[in-house]
Amino acid sequence: MKSHDKIATRLAMILNKLNSNERFSVEDLIEEFNVTKRTIQRDLNERLSYLPIKKENNLYYLEEYYLGKLNFKDINTFATLSGIKELYPSLSEDFLKSI
């Protein structure tokens, strides 16, 4: 799997966790995705910085008022802001659903 595919898949899975009202620690994500702490911190603090992510007792979660509101437009905005959109010239809802 190419590097940008791994990033996109990991971020899509983190977005799904957030949108499903899951709470998780950096350590949980390190173990799940087999990446470094710095990578997860970059995901949460930079790549997903446009979301209202809260941290409480070392657990991250999405602000309650935002739950269930992530949609294709949000994902597309994220892809554009994070610089990965150019890696996926045919970014579509079908593609996102497949990952």
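**Hairpin, nonpolar core and loop residues**

Strands S1 (residues 53-56) and S2 (residues 59-62) form an antiparallel pair joined by four bridges. Strands count as paired where DSSP finds at least two bridges between them; helices (H or I, at least four residues) and strands (E, at least two) are DSSP runs numbered from the N terminus. The model is predicted, so that local features require pLDDT of at least 70 and side-chain atom pairs count only at pLDDT 80 or more, while totals for chains, interfaces and linings use all residues. Residues are numbered from 1 along each chain as its sequence is written, and side-chain values use heavy atoms, with hydrogens and water left out.

Within the hairpin, Lys-54 stands opposite Tyr-61 of S2. The ring of Tyr-61 also lies beneath the charged end of Arg-23, at 3.7 Å from the ring centre; the criterion for a charge over a ring is NZ of Lys or CZ of Arg within 6 Å of the ring centre and within 35 degrees of the ring normal. Aromatic pairs number zero in a search of the whole structure, where pairing requires ring centres of Phe, Tyr and Trp (its six-membered ring) within 6.5 Å, with planes under 30 degrees apart counted as stacked, over 60 as edge-to-face and the rest as tilted.

The largest nonpolar core holds 18 residues, and those touching the most other members are Ile-14, Leu-18, Leu-44, Leu-48, Leu-51 and Ile-53. At least two residues each come from H1, helix H2 (26-33), helix H3 (37-47) and S2, with H1 giving the most, five residues. Such a core is a set of buried Ala, Val, Leu, Ile, Met, Phe, Trp, Tyr and Cys residues joined through side-chain atoms within 4.5 Å. Leaving aside residues up to four places away in sequence, Leu-44 touches Ile-14, Phe-24, Val-26, Ser-49, Ile-53 and Tyr-60 (contact: heavy atoms within 4.5 Å).

Ile-7 belongs to helix H1 (residues 3-19). Ile-7 counts as buried because its relative accessibility is 18%; buried means under 20% relative accessible area, exposed over 50% and partly exposed in between (1.4 Å probe, protein chains only). The C-alpha atom of Ile-7 is separated by 9.6 Å from that of Thr-39, 32 residues apart along the chain.

Two asparagines were examined for backbone geometry. Asn-34, in the loop between H2 and H3, has a positive phi near 55 degrees in a residue other than glycine, and is exposed at 71% relative accessibility. Asn-57, in the loop between S1 and S2, is not a glycine yet has a positive phi of about 55 degrees. The relative accessible area of Asn-57 is 68%, so this residue is exposed. The hairpin containing Asn-57 has two residues between the strands.
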